[in-house]
Amino acid sequence: DVGNATDTGTFITTYEPNEITTSTGQGIITSSDDEIATYTAKDLGVTNEKGEKIYRGIQIFSTNSTGKLSFMDNLVALYIYEDNPDGSRKSGKIWEWK
């Protein structure tokens with residue numbers, strides 16, 4: 001029931017041998033009614049045989065919100081994102097770790 005939200009993040013990526021990357025990032029999520037949640041993240045990326053990048057990682061959220069985003073305070077989530085060889089996003093999913 002959050003509605004539309006904007007996710008703005010910055011990640012620093014280190015390129016390792018064998019098409020592996022490690023990334024550390026942080027970001028901010030803003031809801032349409034100006035509530036804010038922040039997060040930090042860490043992931044591992046690999047390139048599959050089709051040239052697609054697959055990122056698996058963890059995000060830890062924090063917020064002072066008492067509204068729609070309040071559920072995100074101290075929320076820990078696991079994620080997987082898949083990018084096409086040209087860098088465009090193919091898919092992405094985030095799950096709450098309970």
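Strands here are DSSP runs of at least two residues, numbered from the N terminus. With that in hand, here are some exercises on this predicted model.

**Exercise 1. Find where tryptophan 97 sits, and decide whether it is buried or exposed.**

Solution. Start with strand S6, which covers residues 89-96; tryptophan 97 is in the segment after it. Next, take the cut-off: exposed means over 50% relative accessible area. Tryptophan 97 has 51%, so it counts as exposed. Finally, look at its company on the surface: Leu78, Trp95 and Trp97 make a nonpolar patch of about 350 Å².

**Exercise 2. Work out which parts of the chain the salt bridge between lysine 90 and glutamate 52 ties together.**

Solution. First check the pair itself: the closest N and O atoms of lysine 90 and glutamate 52 are 2.8 Å apart, and the cut-off for a salt bridge is 4 Å. Then place the partners. Lysine 90 lies in strand S6, while glutamate 52 is in the loop between S3 and strand S4 (53-62), so the bridge links parts 38 residues apart in sequence. Now compare their surroundings: lysine 90 is partly exposed at 42% relative accessibility, whereas glutamate 52 is buried at 10%.

**Exercise 3. Describe the salt bridge between aspartate 83 and arginine 89.**

Solution. The side chains of aspartate 83 and arginine 89 come to 2.6 Å, N to O. Aspartate 83 is buried, with a relative accessible area of 7%. Arginine 89 is partly exposed at 47%. The model's salt bridges number 2.

**Exercise 4. Aspartate 43 is buried and has no salt bridge; find what its side chain makes a polar contact with.**

Solution. Begin in strand S3, where aspartate 43 is placed. Look for opposite charge: the nearest such side chain, arginine 89, is 7.7 Å away, and a salt bridge needs 4 Å or less. Then turn to polar partners: the side chain of tyrosine 79 makes a polar contact with that of aspartate 43 at 2.8 Å. To complete the picture, list the contacts beyond four places in sequence, among them Phe11, Thr22, Tyr55 and Arg56.

**Exercise 5. Locate glutamate 19 and aspartate 34, and give the phi of each.**

Solution. Glutamate 19 is in the loop joining strand S1 (5-16) and strand S2 (20-31). Its phi is positive, about 65°, although glutamate 19 is not a glycine. Aspartate 34 is in the loop between S2 and strand S3 (36-47). Aspartate 34 also has a positive phi of about 65° without being a glycine. As a last step, check accessibility: aspartate 34 is exposed, at 63% relative accessible area.

Definitions and conventions: Residues numbered from 1 in each chain as written. Predicted model: local features only at pLDDT ≥ 70, side-chain atom pairs only at ≥ 80, totals over all residues. Heavy atoms only, no water. Helix = DSSP H or I, 4+ residues; strand = E, 2+ residues; numbered from the N terminus. Buried < 20%, exposed > 50% of the residue type's maximum accessible area, 1.4 Å probe, protein only. Patch = residues over 30% accessible without salt bridge, like charges linked within 9 Å, V, L, I, M, F, W, Y side chains within 5 Å. Areas by Shrake-Rupley, 256 points an atom, 1.4 Å probe, with all protein chains shown as cover. Lys, Arg positive; Asp, Glu negative; His and termini not counted. Polar contact = N/O pair within 3.5 Å; in protein donor to acceptor, adjacent residues only side chain to side chain. Contact = heavy atoms within 4.5 Å.
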